Amino acid sequence: MNSRVMRSMQVGGSIENVKSSLMKLHQKILATPAVRAKYPAGVDGMKCDLLSVAVAAPHLSESHLPMVLNALLKSDPIEAIRLSGYGPGGRAQNVHDGMLKRPVLKNLVYDMAAQMPA
């Protein structure tokens, strides 16, 4: 808590972990025909509220990717992910609630080239 260098290393590692999870999700979307039909550009152009919830599950464990891919096919994928109950201690609900506290996410889409919301 008192080391700027250590905090920087931890934040940098966390960012790299999320980027890795994001790329795995992107690749799985493109490799799954039914999901690719709905999201032809993978995570590129995906609304950030959905992406924030969708990437949290595989970030916890790649074993959650099939659940996320299935949820992406639902009419309300955010709710489908929340109801999946993945992770310990109500993780799915906590991620969902955190996303709702950031309403700006609904107005942003992910720009793959810039690697950031736009």
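**Group meeting: His64, helix α3 and its packing on α6**

Okay, let's start with His64: this residue is buried, with a relative accessible area of 17%. The cut-off for buried is under 20%, so His64 makes it into that class. Keep in mind, please, that this is a predicted model. Where does His64 sit? In the loop between α3 and α4. And what is His64 in contact with, once you leave aside its neighbours within four places in sequence? You get Ala57, Pro58, Tyr86 and Gly87.

Two of those names come back in α3, since Ala57 and Pro58 are on the list of buried residues of that helix. So, on to α3 itself. The helix has 13 residues, and from first C-alpha to last it reaches 18 Å, close to the 18 Å expected at 1.5 Å a residue. It's mostly covered, too, with 10 of the 13 residues buried. What does the covering? The list includes α1, α4, α5 and α6, plus β1 and β2.

Let me pick out α6, residues 91-100. Helices α3 and α6 pack at an angle of about 150 degrees, and their axes are 10 Å apart. Anything over 145 counts as roughly antiparallel, and therefore that's what we call this pair. As for handedness, α3 passes α6 in a right-handed crossing. Who makes the contact? On the α3 side, Asp49, Ser52, Val53, Ala56, His59 and Leu60; on the α6 side, Arg91, Val95 and Met99. If you sort the residues of that contact by type, you find 5 nonpolar, 2 polar and 2 charged.

That's it from me, thanks.

Notes. Residues numbered from 1 in each chain as written. Predicted model: local features only at pLDDT ≥ 70, side-chain atom pairs only at ≥ 80, totals over all residues. Heavy atoms only, no water. Axes fitted to C-alpha atoms, helices over the stretch in contact; angles between N-to-C directions. Helix = DSSP H or I, 4+ residues; strand = E, 2+ residues; numbered from the N terminus. Parallel < 35°, antiparallel > 145°, perpendicular 65-115°, else oblique. Left-handed = near helix turned anticlockwise from the far one by under 90°. Contact = heavy atoms within 4.5 Å. Nonpolar A, V, L, I, M, F, W, Y, C, P; charged D, E, K, R; others polar. Expected span 1.5 Å × (residues − 1). Buried < 20%, exposed > 50% of the residue type's maximum accessible area, 1.4 Å probe, protein only.
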